[in-house]
Amino acid sequence: MQNKFGERNFLDSTERIQKQIDDLAEFNSTPGNGVTRVVYTQEDQQAKTYVKELMNDIGLEITEDAIGNIYGRFKGTDPTLSPIWSGSHLDAVPNGGKFDGVVGVLGAIEALRMIKDSGLRPKRDLVAVIFASEEPTRFGIGCLGSRALIGDLTEKDLKTLKDQGGQSLYDVMRQSGYSPEYLPEVVMHLGEIGAFIELHIEQGIVLERERKCIGLIHAIAAPTDIALTLEGEQQHAGATPMNLRKDPVPAAAEVILTVEKWAKENTSAHTVATVGRIDVQPGSSNVIADSVQITIDSRDVSWENKELFLSELRKTVEHICTRRGIKYDLKVKAHDKPMQAHPFVVQKLEESCSELMIDYKLMASGAYHDALMMAKIAPFGMIFVPSKNGISHDKREWTDLEYIGEGVKVLTHSLLKLANTTNFND
Ligand code: HGY
Ligand code: MN
Ligand code: MN
């Protein structure tokens, strides 16, 4: 394909992106200790307003849906063809980095800017999307914006999902100026979107180890998010003999070690499990706990493995709690299906890398992304750029600007290819 974009274009683009990444990092509730941007907070709204201005500056047609997904559209020449989408998220985990999600949002806007500035008018519309929220930080389930968009969230879910302060997602949405009562109007269906490409940092060490600057994703591991509450009997730490205790803390410890053992001994390279949060109540040193709440986040690219993990976990928890006289409540907040990238989209991404003479690696993603949800209604592909020392979800998160530039190059070329393809089975 004719290289319509000179090196100068991409140099300007990466300089713009570097400044935008730094500007966005200012919208942060933990300045000086990584970047934290939780959905439907002031910092989140500020970041979304900042990016809407970027979309406006390049003349994209901006719309926002009832729960806060934001769309910037560049019109193509043939309105009968479904649009090509690209984007990611702006929310950031507590004390995280400034690249996760942001690179995909800014990269999509830069790609549309360069295509627009080149004077090219592709057949299909191009849409840059910011999903309302991707991190599970506040409501315990990730990809809320894209999950709602594919119709996987009901109004009942919005009213059931609560944050640590006990506020429902529904109420928080309304307080933030959104209209969750119009949730059905957010939903899109198979066929309405031609294809979706997400540019994202790898968040792992593979690309750096193999000295590749681009990863093309063939599959995304999917999360199973569990909230487990263990209830014992609160008693005096000094006066209660060991044989009369119903202490939920050692019960939780047994569960946690069993979860780790199961994931470690499992065959699949992508079977992982993490206990990220432990809340002990009342949490005093001389009180035998009343209850323990833990989160369990397990991932796999194999659905069979995920199903096995969940059934084994249920049996393990039942066995430990029965033996210890502990009551428990196990809530499965998400049990998502791993997804394969669409061969045609991957082929276009590979063609772009070859034409741009950029070396790449085909790989799976251990992290999940909005692409995992979008896969249910559109052919998807993902472009990874390396994470320094494989670190992410931490203040040390870093991706060199030159790699981001290579990612934007591949994204721009691939969006153009897809936007000029009438039939994906060609
Ligand atoms: O947890 C994940 O995989 C994503 O970064 N939210
Ligand atoms: Mn993340
Ligand atoms: Mn992300």
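This report walks through the surroundings of ligand 1 and a manganese site in a predicted model.

## Around ligand 1

Let's start with the shell of ligand 1, which consists of E134, E135, Q203, R299, A367, Y368 and H393. Sorted by class, these residues comprise three charged, two polar and two nonpolar ones.

Several polar atoms of the protein sit by the ligand. On the nitrogen side, a side-chain N or O atom of E134 is 3.0 Å from a nitrogen atom of ligand 1. On the oxygen side, R299 places a polar side-chain atom 2.7 Å from an oxygen atom of the ligand, while Y368 uses a backbone N or O atom, at 2.9 Å from an oxygen atom of ligand 1. Of the 210 Å² that ligand 1 exposes when taken alone, 94% is buried by the protein.

## The manganese site

Now for the metal: the manganese ion (ligand 2) is coordinated by D100 through OD, E135 through OE and H393 through NE2, at 2.1 to 2.2 Å. Along the chain, these donors follow the spacing D-x34-E-x257-H. E135 and H393 may look familiar, as both also belong to the residues around ligand 1.

D100 has a further role as a bridge between the manganese ion (ligand 2) and the manganese ion (ligand 3), and the two ions lie 3.5 Å apart. D100 and H393 link distant parts of the chain, 293 residues apart: D100 is in the loop between β5 (92–96) and α3 (102–117), and H393 is in the loop between β18 (380–385) and α12 (401–419).

## Buried or exposed?

How do D100 and H393 rank by accessible area? D100 counts as buried because its relative accessible area is 6%, under the 20% cut-off. H393, at 41%, is partly exposed.

Notes:
Residues are numbered from 1 along each chain as its sequence is written. Chains are lettered from A and ligands numbered from 1 in the order in which they are written. This is a predicted model: local features need pLDDT of at least 70, side-chain atom pairs count only at pLDDT 80 or more; totals for chains, interfaces and linings use all residues. Side-chain values use heavy atoms; hydrogens and water are left out. A residue is near a molecule or strand if one of its heavy atoms lies within 4 Å of it. A polar contact is a pair of N or O atoms within 3.5 Å; within protein, one must be able to donate a hydrogen and the other to accept it, and residues adjacent in sequence count only if both atoms are side-chain atoms. Accessible areas come from the Shrake-Rupley method with a 1.4 Å probe; for residues, only the protein chains shown count as cover. Ala, Val, Leu, Ile, Met, Phe, Trp, Tyr, Cys and Pro count as nonpolar, Asp, Glu, Lys and Arg as charged, and the others, Gly among them, as polar. Donors are N, O and S atoms within 2.8 Å of the metal (3.2 Å for Na, K and Ca); water is not among the atoms, so sites may look incomplete. Helices (H or I, at least four residues) and strands (E, at least two) are DSSP runs, numbered from the N terminus. Buried means under 20% relative accessible area, exposed over 50%, partly exposed in between (1.4 Å probe, protein chains only).
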